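Let's take a friendly walk through a protein and the ligand it holds. Have a look at the sequence and the model first, and then read on.

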Amino acid sequence: MQIYIDGEYFSKVDAKISVFDHGLLYGDGVFEGIRIYNKSVFRLTQHVQRLFRSAKYIHLDLGKTPEEITEIVLETCRRNELSDGYIRLVATRGVGTLGLSPTLCPKPCLFCIVDELAIYPPEFYERGLALLTVSTRRNIVDALDPQLKTLNYLNNIMAKIEAQRSGFEEALMLNSEGYVAEAAADNIFIFVGDRLLTPATHLGALPGITRNAALEIAAELGFQTEETYITLQQVYNADECFLTGTAAEIVPVFEVDSRPVADGKPGPKTKRMIEEFKKLTVSDGTPF
Ligand code: PMP
C-alpha cells in the first residue's frame, strides 16, 4: 500500500503524522470518502469541490488547487493498482502547539489513503437495514454545519454508539427541531407513492455525492423528487425507504423504530434505483 502524505508516498507502517497535528488533537480538518469502481474514481470532481467547500468553512487554506488535489488522488490510485476500492482524502490544520489556536499551525497536512473496501454483508441489501432513531441530535447549523465534512465526527459516532448498543447497525438522527436529518453516515430517502423525498440539506443532511446521484436517477426514472422537511411518522408510513452513501451505495431499510416499512421488505422502486446506480458507477468515473 502506498499512502500519500504531503508530497511523499509511504508504506502502511511508515505512513504517520505527528501527535501535535490538530487534526488529531482537535478534529481540526476536513475529509472525503471516495469510491473506485473499475479503475475509475466515482464523481471525483464533486468530492474535490466538497472538500474545498469544507476547507473554506473552517478557514483552512489547502495551499493547492482543485486540479492539483485531483491529480494527487489519481496518482495515489495508480500506485495502489486497485480496480475497486475506497479512497480517504484528508486535510488537517497540521502541526501546532498544544493550544487550540490554528494560527500556530503554519502548514496544513494533506494525506490520501487508497484501501480495499469493507463491503457491507449481502444481507443488508437483500433483507435491508433496521434503523433506530437515537437521542443524539444532529449538530446544529449555527454550531457546526452538518453540510460539510469536517474531521469532527463525534456527533455521528455518538449516534452510532447508541444504535449499536441497542443492537442496530445504523442510527437515524433528527435535527434539533425534531425533523429527520440523516443516518449516522448516510443520507435517507423515502418513497411516498411515486414521490421520492429526502431531508433538505439545511435541515441537517450532508449534500452526499450518492444522494445527488440518487436524486438524478429518480428524476430520470420519472419520479418526482423533493428535498424537504420529513417527520418520523412520514418515515414510519413510507412505502419504501433507503439510505445512500459512498460506502453503502443504496441500501434498503426494512424497519424503523420497530415499525416495518410497508411490508418489511425492500421495495421495487428501491431495487430499480439500486440497478440504475450500479450502471452509473461504471459509467461516471475519472479513469486513472
Ligand atoms: N451523511 C454523513 C454524515 C456522511 O458521513 C456521509 C458519508 N459517508 C453521507 C451522509 C453520505 O455522503 P456520500 O454519498 O457523499 O458518501
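A polar contact is a pair of N or O atoms within 3.5 Å. Keep in mind as you read that this is a predicted model.

## Who touches the ligand?

Let's start with the polar contacts. A polar side-chain atom of Thr246 lies 2.6 Å from an oxygen atom of the ligand. Glu182 joins in too: an N or O atom of its side chain is 2.6 Å from a nitrogen atom of the ligand. Then there's Lys149, with a side-chain N or O atom 3.2 Å from a ligand oxygen. How much of the ligand's accessible area does the protein cover? On its own the ligand has 390 Å², and the protein covers 94% of that.

Zooming out a little, there are 17 residues around the ligand, and Tyr153, Glu182, Ile209, Thr210 and Thr246 come nearest. Sorted by class, this shell has 5 nonpolar, 7 polar and 5 charged residues.

## Where does the ligand sit?

You'll find the ligand in the largest pocket. Which elements give two or more residues to the shell around the ligand? They are helix H6 (209-220) and strand S13 (240-245).

## Two buried residues

Now for Thr270, which has its place in helix H8 (residues 268-281). Is Thr270 buried or exposed? Its relative accessibility is 1%, so Thr270 counts as buried, the cut-off being under 20%. The side chain of Thr270 also makes a polar contact of 2.6 Å with the side chain of Glu240.

Arg35 belongs to strand S3 (residues 29-37). Arg35 counts as buried because its relative accessibility is 9%. How far apart are Arg35 and Gly285 in sequence and in space? In sequence they are 250 residues apart, but from C-alpha to C-alpha the distance is 9.3 Å.

## Two residues with a positive phi

Here's a backbone detail to look for. Most residues other than glycine have a negative phi. Glu81 isn't a glycine, yet its phi is positive, at about 50 degrees. You can spot Glu81 in the loop between helix H3 (66-80) and strand S5 (85-92). Glu81 counts as exposed because its relative accessible area is 66%, and the cut-off is over 50%.

Asp257 also has a positive phi of about 50 degrees without being a glycine. Look for Asp257 in the loop between strand S14 (249-256) and strand S15 (259-260). With 12% relative accessibility, Asp257 counts as buried.

How values were computed. Residues numbered from 1 in each chain as written. Predicted model: local features only at pLDDT ≥ 70, side-chain atom pairs only at ≥ 80, totals over all residues. Heavy atoms only, no water. Near = heavy atom within 4 Å. Polar contact = N/O pair within 3.5 Å; in protein donor to acceptor, adjacent residues only side chain to side chain. Areas by Shrake-Rupley, 256 points an atom, 1.4 Å probe, with all protein chains shown as cover. 1 Å grid on protein atoms, 1.4 Å probe; cavity = no way out; pocket = protein on both sides within 12 Å on 5 of 7 lines; lining within 4 Å. Sits in = over half its atoms within 2 Å of the grid points. Helix = DSSP H or I, 4+ residues; strand = E, 2+ residues; numbered from the N terminus. Nonpolar A, V, L, I, M, F, W, Y, C, P; charged D, E, K, R; others polar. Buried < 20%, exposed > 50% of the residue type's maximum accessible area, 1.4 Å probe, protein only.
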